[in-house]
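Please open the model in your viewer and keep the sequence panel beside it, since each stop on this tour begins with a selection.

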Amino acid sequence: MDRQTKGPSLRTRWLAVGTLGLILVATQSVASWRDSHALLINSSESLPNWAFFIEKNKTPERGDYVFFKLVPTAITRAHWGDNVPSFGKVVYGLPGDVVSRQGSTVFVNGKPVATLKPKSKRGEILVPGPTGIIPRDHFFLATAHKDGFDSRYADIGFVPRRQIIGTGDPIL
């Protein structure tokens with residue numbers, strides 16, 4: 001019997017089994033990574049970077065970039081429809097911190113963090129967000145951008161942990 005009619009050699013078979021095993025392990029590793037990470041492209045002017053590596057299910061800390069889903073409101077629907085994109089902001093206030101206002105300035109623990117505008121660029125009335133102690137499992141998220149749409153306004157307010165997708169590290 002010649003080699004062509006015998007089929008693959010034992011070495012070729014083991015090589016195929018090993019390759020399939022490596023593909024299986026790699027696929028599982030990618031799936032595991034995908035469940036706890038993401039890549040997000042930011043289209044907003046309110047953050048200085050446009051690409052972020054997201055770590056899901058990490059407890060946000062002050063100064064972290066955080067990405068979250070909004071509950072649709074009249075203003076968010078007017079700008080984005082029913083499919084409001086993920087928002088990216090910076091954690092300025094943690095549970096237990098105190099948010100206050102004096103005039104148009106918003107403070108967290110007595111430190112100025114944002115300025116309120118009476119109207120959006122489109123002329124919509126912007127209602128100031130909540131003040132007082134930030135509740136458990138909620139965060140005050142904002143940006144330094146003068147036109148930032150964030151926790152300083154009632155349409156976003158204190159963001160509950162359940163809406164947070166994850167924390168982000170800028171990559172571009």
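Begin by selecting Ile41, which is exposed because its relative accessible area is 53%, and exposed here means over 50%. Bear in mind throughout that the model is predicted. Ile41 lies in strand β1, which covers residues 37–41. Add Leu39, Trp50, Ile171 and Leu172 to the selection, and together with Ile41 you will have a nonpolar patch on the surface, whose accessible area comes to about 550 Å² in total. As a general background to this stop, nonpolar side chains in soluble globular proteins tend to be buried together.

Next, follow the backbone pairing outward from Ile41, whose bridge partner in β2 is Ala51. Select strand β2, residues 51–56, and you will find that β1 and β2 run antiparallel and are joined by five bridges. Then add strand β11, residues 164–170, which runs antiparallel to β2 and is likewise joined to β2 by five bridges. A useful pair to display in this place is Phe53 with Asp169, the residue of β11 that stands opposite Phe53.

Now turn to the interior and select Phe68 and Phe140, the residues with the most contacts inside the largest nonpolar core, which has 25 residues. To see where this core comes from, colour β3 (65–68), β4 (87–93), β6 (105–108), β7 (111–115) and β9 (138–142), the elements that give two or more residues to it. The largest share, four residues, is supplied by β9. Another core, of seven residues, lies apart from that one, and Leu40, Phe52, Ile54 and Val90 are among its members.

Return to Phe68 and display its surroundings, leaving aside residues up to four places away in sequence. Phe68 then touches Ser86, Phe87 and Lys89, together with Leu141, Ile156, Val159, Gln163, Ile164 and Ile165.

For the last stop, select the four strands that form an open sheet in the order β7-β6-β5-β8, with antiparallel pairing. Which strands stand at the edges of this sheet? They are β7 and β8 (132–133), and because each has a single partner strand, one side of each is left without a neighbour in the sheet. To examine the β8 edge, select strand β5, residues 98–102, which runs antiparallel to β8 and is joined to β8 by two bridges. Within this pairing, display Val98 and Ile133, since Val98 stands opposite Ile133 in β8.

Methods. Residues are numbered from 1 along each chain as its sequence is written. This is a predicted model: local features need pLDDT of at least 70, side-chain atom pairs count only at pLDDT 80 or more; totals for chains, interfaces and linings use all residues. Side-chain values use heavy atoms; hydrogens and water are left out. Patches are made of residues with over 30% relative accessible area and no salt bridge: like charges are joined within 9 Å, nonpolar side chains (Val, Leu, Ile, Met, Phe, Trp, Tyr) within 5 Å. Accessible areas come from the Shrake-Rupley method with a 1.4 Å probe; for residues, only the protein chains shown count as cover. A salt bridge is a side-chain nitrogen of Lys or Arg within 4 Å of a carboxyl oxygen of Asp or Glu. Buried means under 20% relative accessible area, exposed over 50%, partly exposed in between (1.4 Å probe, protein chains only). A nonpolar core is a set of buried Ala, Val, Leu, Ile, Met, Phe, Trp, Tyr and Cys residues joined through side-chain atoms within 4.5 Å. Contact means heavy atoms within 4.5 Å. Two strands pair if DSSP finds at least two bridges between them.
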